[in-house]
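Student: Could you take me through one part of this model in detail, looking closely at how its helices pack and then following the chain onward from there?

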Amino acid sequence: MHPVPELTQPVSARDHLWGPLTARLTLVQYGGYQCPNCGSAYPLMMNLLERLGDQMCFVFRHFPRSEVYPHAQHAAEAAEASASQGKFWPMHHHLYTHQQALGSGYLVEYAVDLGLDVGQFLREVTGDRFVSRIQADIASGRASGVIDTPTFFINGQRYHGAFTQTAIWDALSIL
């Protein structure tokens with residue numbers, strides 16, 4: 001089976017968007033919070049967002065590889081529980097900058113750090129409220145040929161280059 005070269009699930013308001021949906025560049029990442037390669041890609045994405053501003057829409061979709069990373073699923077659920085309180089991106093940043101500490105106790109600490117309603121956060125995470133949303137992201141990734149993380153799509157086309165600032169910048173610049 002050959003990898004699907006394009007994104008099968010179009011970007012929409014359902015996604016976690018950083019930047020305008022109407023931007024000329026859309027970069028979709030399928031990733032997991034415990035994946036070390038995703039952790040290495042995180043500062044690259046933040047640098048691109050800083051450099052491109054409103055010219056780029058960054059989309060993060062969950063693809064926790066729980067069979068390899070035992071805390072990946074709960075970290076994704078913590079991000080979604082934070083999103084329900086309007087704090088997806090702050091939690092996203094916190095999870096990547098504290099990637100070595102993603103156990104349940106740490107996730108609660110991060111919720112406190114971000115000023116979340118911890119009771120609501122705990123109810124949502126322990127109640128599996130966002131499992132179906134995360135599973136939908138995984139399913140859309142699989143439909144687009146994602147098997148490993150991080151996997152990127154630029155304007156709907158799968159990116160196959162190196163995960164370096166220069167390589168990604170060059171790929172974005174030719175569009």
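Tutor: Let us begin with a pair of helices in this predicted model: the axes of H2 and helix H6, which spans residues 131-143, come within 10 Å and cross at roughly 110°. Because that angle falls in the range of 65 to 115 degrees, H2 is roughly perpendicular to H6, and the crossing of H2 with H6 is right-handed. On the H2 side of the contact are Gln 73, Ala 76, Glu 77 and Glu 80, which meet Val 131, Arg 133 and Ile 134 of H6. Sorted by class, this contact of H2 with H6 holds three nonpolar, one polar and three charged residues.

H2 (72-83) also has a part in the surroundings of helix H5, since the elements that cover the buried residues of H5 include H2, helix H3 (88-97) and helix H4 (104-113). Within H5, residues 118-126, the buried residues are Phe 121, Glu 124 and Val 125. Viewed down the axis of H5, these buried residues fall within an arc of 95°, so they line one face of the helix. Arg 123 and Thr 126, by contrast, are exposed on the other side of H5.

Between H5 and H6 there is a loop that contains Asp 128, a residue other than glycine whose phi is nevertheless positive, near 55°. Asp 128 has a relative accessibility of 45%, and therefore counts as partly exposed.

Beyond H6, the loop that leads to strand S4 (151-154) contains Pro 150, and the peptide bond that joins Thr 149 and Pro 150 is cis, with omega about -5°. Past S4, Asn 155 is found in the loop between S4 and strand S5 (157-158). Asn 155 likewise is not a glycine and has a positive phi, of about 50°, and with a relative accessible area of 35% Asn 155 is partly exposed.

A further helix pair can be set beside H2 and H6: the axes of helix H1 (residues 36-52) and helix H7 (residues 165-173) come within 10 Å and cross at roughly 45°, so that H1 and H7 are oblique to each other. The crossing of H1 and H7 is right-handed. Here Pro 43, Leu 44, Met 45, Asn 47, Leu 48, Arg 51 and Leu 52 of H1 meet Gln 165, Ile 168, Trp 169 and Leu 172 of H7, and by class the contact of H1 with H7 comprises eight nonpolar, two polar and one charged residues.

Methods
Residues numbered from 1 in each chain as written. Predicted model: local features only at pLDDT ≥ 70, side-chain atom pairs only at ≥ 80, totals over all residues. Heavy atoms only, no water. Axes fitted to C-alpha atoms, helices over the stretch in contact; angles between N-to-C directions. Helix = DSSP H or I, 4+ residues; strand = E, 2+ residues; numbered from the N terminus. Parallel < 35°, antiparallel > 145°, perpendicular 65-115°, else oblique. Left-handed = near helix turned anticlockwise from the far one by under 90°. Contact = heavy atoms within 4.5 Å. Nonpolar A, V, L, I, M, F, W, Y, C, P; charged D, E, K, R; others polar. Buried < 20%, exposed > 50% of the residue type's maximum accessible area, 1.4 Å probe, protein only. Arc of directions from axis to C-beta.
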